[in-house]
Amino acid sequence: MESGDLGWLTVPLAVFAGAIRVSTPFLFVSLGECLTERSGRINLGLEGTLVMGAMSGYAVSYLSGSPWLGVLVAGIVGSGFGLVHALVCNLPKVNDIALGIALMLLGTGLAFFLGKNFIQPQAPNLPSIDLGWWSDIEQVRSALEINVLFLVGMALTPAIMFFLQRTKWGLILRTVGDSEDAARSLGFSVERTRMLATMAGGFLAGVGGSFLSLYYPGSWSEGLSSGQGITAVALVIFARWNPLYCFYASLLFGGAGALGPALQAVGVTSGYYLFNAAPYILTLGIMIAMSSSTRRFRGAPGELSVTR
Amino acid sequence: MANAGRILGALEALTIPMLALAVSMVLFGAFVMIVGVDPVEVYALMYKGAFGTSFSIQNTLLRAAPLILAALCTALPAQLGMVIIGGEGALVIGGLAAAAMAVILPGGMPVLVFQGAMVIAGMSAGGAWIGISGALRHYRGVNETISSLLMTYIAIAILNHMVFGPLRDPASLNHPSTQPIGDENMIGTIPGMDVHWGLIFGIVFCLFTYVLMYRTTFGFSARMVGGNVRAAAMSGLPVGKLLIITCVIAGSAAGLAGAIEVAAVHGAANDALIAGYGYTGILVAFLARQNPLAVIPVAILLGGIDASGGLLQRRLDLPDATVLVLQGIIFVVILASETLFGRIKFFQVKEAA
């Protein structure tokens with residue numbers, strides 16, 4: 001078979017490749033938000049955290065020459081945003097949903113402000129692992145070029161599951177998320193637990209953001225994130241706060257997100273912008289299908305305001 | 001005594017946000033100092049760019065007009081305890097519907113009928129857009145905050161699809177747009193000012209919704225739902241109807257903003273509609289404590305901040321995102337200040353006095 005001439009087969013192949021490539025930020029944000037929401041709080045600000053992570057990761061990679069340092073700094077910046085969210089939310093009468101919206105705007109604004117000088121230069125990107133060496137076909141090879149962060153996220157999924165289900169800290173976190181009163185009577189600090197959970201969530205969202213600017217699409221621009229953060233937050237809800245389902249859902253969303261560009265590559269351009277909306281339509285559709293007006297979500301943390 | 005309580009309550013609702021604004025300005029000053037700009041100069045330029053000259057005041061009011069309407073999109077559902085953040089989407093879809101209506105209508109119609117049809121198309125589309133979020137919340141229990149934001153991204157995709165595809169004016173080469181509505185059909189300016197009628201529409205909409213929410217049975221029932229959904233349902237109020245109607249009114253406000261942006265500013269629908277008014281409107285609503293009357297002055301204030309961005313950019317070479325940073329800081333501080341309500345002794349009515 002001639003390489004480069006796959007015809008329509010390139011679409012499923014590109015969707016598969018996209019499922020892995022595009023899903024990575026969804027995966028990190030949703031795993032992070034999973035931790036935060038299991039502690040009984042929702043952080044809608046992860047959209048802003050994602051953009052901040054993308055900007056800071058790119059800037060640090062450009063200035064230091066090390067993309068991995070960029071990833072680390074993006075995570076630290078993200079946990080800083082998580083800290084702000086947690087500290088302000090710990091004040092009585094502050095609404096976590098509203099504060100999330102505020103941090104979404106602040107994060108985006110700060111990233112645009114500080115990132116102005118980094119739009120032009122090219123920063124060193126993250127490496128990928130070539131798993132398609134056995135194939136002669138170019139598209140297959142590029143589809144199997146797996147980025148390292150995806151593998152990290154894949155490894156994190158069972159690790160977070162183990163943490164939540166099998167460790168003492170995971171038990172404390174779930175207790176705080178299910179009942180503040182129970183947690184207090186057992187002597188756990190609700191505020192501190194939620195602070196750590198929100199910081200961890202912010203860290204992962206920041207790392208997810210750095211993937212956008214350091215691997216795919218691979219440069220920093222102001223239009224880099226268009227709702228991946230908020231989609232990932234919604235995704236946690238219908239993944240029923242289970243990290244493994246978060247992983248599957250991320251793959252599904254990555255594939256949906258890759259549909260538009262894949263179709264464009266084979267010459268279908270008419271519905272390009274509509275296909276770009278596929279992840280949002282899919283999210284909304286699944287939320288409609290899985291919600292109910294009469295009962296709560298199965299597996300929902302008891303203290304979570306968004307599902308009440 | 002009840003009267004004294006009300007006055008103190010109003011004073012509290014005025015003082016705490018003012019205090020929060022002052023704190024935000026100080027934090028913002030510290031931020032620009034860190035990036036190496038003199039904060040005093042920034043404050044002075046902001047004042048000049050927002051309210052300093054008659055030109056800047058008009059510029060401020062031009063931005064306040066869509067902000068007032070976009071803020072209502074968050075403020076009205078908030079009376080029923082809903083957090084709707086999809087104003088940007090309703091604005092975009094309203095603007096697109098208005099422009100599409102202009103394409104459909106035959107030429108040579110009376111101008112007022114033409115404009116009226118555009119406005120109605122925009123309001124209906126925006127109302128339907130947010131109404132969907134309200135209906136999903138009531139019938140399926142879908143969280144309205146997330147659904148309205150997702151709908152915003154879908155609205156933007158639809159706008160891009162139409163502007164680059166079916167509705168594209170072949171003459172718009174560099175900046176894909178719908179067909180121009182025609183100079184003769186543009187909404188004009190208020191006599192004696194350079195500000196279009198959209199500002200008056202916004203103010204009237206605020207007055208109307210204030211009366212609706214605070215002086216009618218509908219508003220009383222709606223706010224009761226906001227106080228306690230279960231109690232409202234038990235006392236026989238049609239909760240779903242109240243939720244959905246309020247969402248439709250809220251969405252039609254944002255849709256009107258979009259229609260006016262098309263009919264009075266841009267003359268066609270294009271990506272200039274995605275200007276972030278919907279997001280700033282959320283901040284306006286929270287700063288105004290979701291009160292439709294307070295929305296007017298707050299929108300003018302935020303419009304002023306928005307308008308001063310250009311001057312900061314030209315004079316101090318600051319990025320255009322500077323105003324976004326300030327808005328973000330104000331938003332976070334204003335929410336943190338919520339915690340002060342009811343905690344400052346001065347504002348509390350003394351017991352048994």
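Modeller: The bend at a residue is the angle between axes fitted to the seven residues ending there and the seven starting there. This is a predicted model, in which local features need pLDDT of at least 70 and side-chain atom pairs 80 or more, while totals for chains, interfaces and linings use all residues. Residues are numbered from 1 along each chain, with chains lettered from A and ligands numbered from 1 in the order written.

Colleague: On which residue is the kink in H3(B) centred?

Modeller: Helix H3 of chain B (a DSSP run of H or I, at least four residues, numbered from the N terminus) covers residues 54-78. Its 25 residues reach 35 Å from first C-alpha to last, close to the 36 Å expected at 1.5 Å a residue (1.5 Å times one less than the number of residues). The kink, of about 30°, is centred on B:Leu72.

Colleague: How many residues of H3(B) are buried?

Modeller: A residue is buried if 20 or more other C-beta atoms, placed from the backbone, lie within 10 Å of its own. H3(B) is largely enclosed by the rest of the structure, because the buried residues number 20 of the 25.

Colleague: Which element gives the largest share of the side of chain A that touches chain B?

Modeller: The contact (C-beta atoms within 7 Å) takes 41 residues from chain A and 39 residues from chain B. On the side of chain A, two or more residues come from each of H5 (96-115), H11 (228-238), H13 (272-276) and H14 (278-290). The largest share, 13 residues, comes from H5(A).

Colleague: Which residues of H13(B) meet H11(B)?

Modeller: H11(B) spans residues 277-287 and H13(B) residues 322-337. From H11(B) come B:Thr280, B:Leu283, B:Phe286 and B:Leu287. They meet B:Gln327, B:Ile330, B:Phe331, B:Ile334 and B:Leu335.

Conventions
Axes are lines fitted to C-alpha atoms, for helices over the stretch in contact, and angles run from 0 to 180 degrees between N-to-C directions. Two residues are in contact if their C-beta atoms, placed from the backbone, lie within 7 Å. A residue is buried if 20 or more other C-beta atoms lie within 10 Å of its own, exposed if 12 or fewer, and partly exposed in between; C-beta atoms are placed from the backbone.
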